[in-house]
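Hi,

Here is the structure I promised to pass on. Have a look at it first, and then read my notes underneath.

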Amino acid sequence: MTLTRTCPGWSFGFCLGWMALATMTWAAPLQLTLDTNLSTIRVSIDAFGQRDTQQTKLAGEIQVEVTPASAPTQIAVGDFSMRTVQDMNFSISFGFLGKATAKVNDLELTRIETPVPLQYVPLSVTGGFAVDNLRYRTFGDGSYALSGLPCSLAQGSGRECNDSVDFDSGPPGTISQMTGKLDVNEGKLRLEIEYFFSQPLDPSTPDFATVSGPVTIVATGDLPPAEVRLQIQAQSTGQGILLRWPASAKGLNLVATPDLEAPINWRPVDTAPVTNGEFLEVLLPGTAPKRYFRLQ
């Protein structure tokens, strides 16, 4: 960390430094990458009263913003793009009446109409949150083949018994609610999300078949360097100088040096910090020699 300001002197014999710090703030949305081992989509195709379900992994990105606080208390979900990484093959049997098969080559859900500014929702004490009414578009393509009665029913609706499907041509959909959990630990942000989507298999014939299912997302990303403010307070009772910083700034230790002449030798402060609410505090006696302090 870079020393940004020093004080010329204190009545307690200290000369203290203000260090580069502040309250975890980010000027731009954080882009998180989906963990393809943990992110999945479970897709069901419903056609003519029957269903088949397949599951595949997801890749993609999601953007979030968190409130500028020492620990996030609100979150806003921005743009996202989530796409399947494997083909999905469906088969629905109607016994002696016929059969329906379908293949989804790729399926992508992308957010549209992101509000500006983003809409923040509160985080619970465990990091949980819920976002309502997220608009999205579907992209991708697939195909299907019908035989027997399903073929006759499709022809009665103006459909071919064998045809391709273009998901790009469909109208926007709405995720009624997206629930999730946010965790910040050692400079990394982890986001867990669940939601449900549903839409026609072929938008041109919405009653023909539907595609729906639950989506589970795990996304992670590095946080940019946070600014943490080391606060310095002279105690009115004459007990000394109190140094404090946010307890959420994990991994930082208080160090001191008697001067700033190179080479600077920063050494750990012997006094162990004490937790006081959301802060860690160190009380040093007013008779201590002049020193400069910082967190590192």
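Before anything else, one cut-off: a residue is called buried when its relative accessible area is under 20%, exposed when over 50%, and partly exposed in between. Keep in mind, too, that this is a predicted model.

Let's put that cut-off to work on the salt bridges. There are eight of them in the structure, and I'll walk you through three.

Start with Glu 281 and Arg 244, whose closest N and O atoms are 3.1 Å apart. This pair links distant parts of the chain, with Glu 281 in strand β20 and Arg 244 in strand β16, 37 residues apart. Glu 281 has a relative accessibility of 14%, so it counts as buried. Arg 244 is buried as well, at 15%.

Now try Asp 222 and Lys 188, where the closest N and O atoms are 2.4 Å apart. Here strand β14 holds Asp 222 and strand β13 holds Lys 188, 34 residues apart. Asp 222 counts as exposed because its relative accessibility is 56%, while Lys 188, at 48%, is partly exposed.

The third bridge joins Arg 135 to Glu 113, with 3.4 Å between the closest N and O atoms. Arg 135 sits in strand β10 and Glu 113 in the loop between β8 and β9, so the pair ties together parts that are 22 residues apart in sequence. Arg 135 is partly exposed at 29%, and Glu 113 is exposed at 57%.

Both of those residues turn up again in the lining of the second largest pocket, along with others including Val 77, Ile 112 and Leu 134. The space in this pocket comes to about 170 Å³. Which strand gives the largest share of its lining? That would be β10 (residues 128–148), with five residues. Sorted by class, the lining has six nonpolar, two polar and four charged residues.

Last stop: helix α1, residues 149–156, where Pro 150, Cys 151 and Ala 154 are buried. Why do we say they line one face of the helix? Looking down the axis of α1, the buried residues fall within an arc of 100 degrees, so they share one face. Gln 155 and Gly 156 are exposed on the other side of α1. As for what covers the buried residues, β8 and β10 are among the elements that do so. After the helix comes Gly 158, with a positive phi near 85 degrees.

Cheers!

How values were computed. Residues numbered from 1 in each chain as written. Predicted model: local features only at pLDDT ≥ 70, side-chain atom pairs only at ≥ 80, totals over all residues. Heavy atoms only, no water. 1 Å grid on protein atoms, 1.4 Å probe; cavity = no way out; pocket = protein on both sides within 12 Å on 5 of 7 lines; lining within 4 Å. Points joined across faces, edges and corners; volume = space filled by probe spheres on them. Helix = DSSP H or I, 4+ residues; strand = E, 2+ residues; numbered from the N terminus. Nonpolar A, V, L, I, M, F, W, Y, C, P; charged D, E, K, R; others polar. Buried < 20%, exposed > 50% of the residue type's maximum accessible area, 1.4 Å probe, protein only. Arc of directions from axis to C-beta. Contact = heavy atoms within 4.5 Å. Salt bridge = Lys/Arg side-chain N within 4 Å of Asp/Glu carboxyl O.
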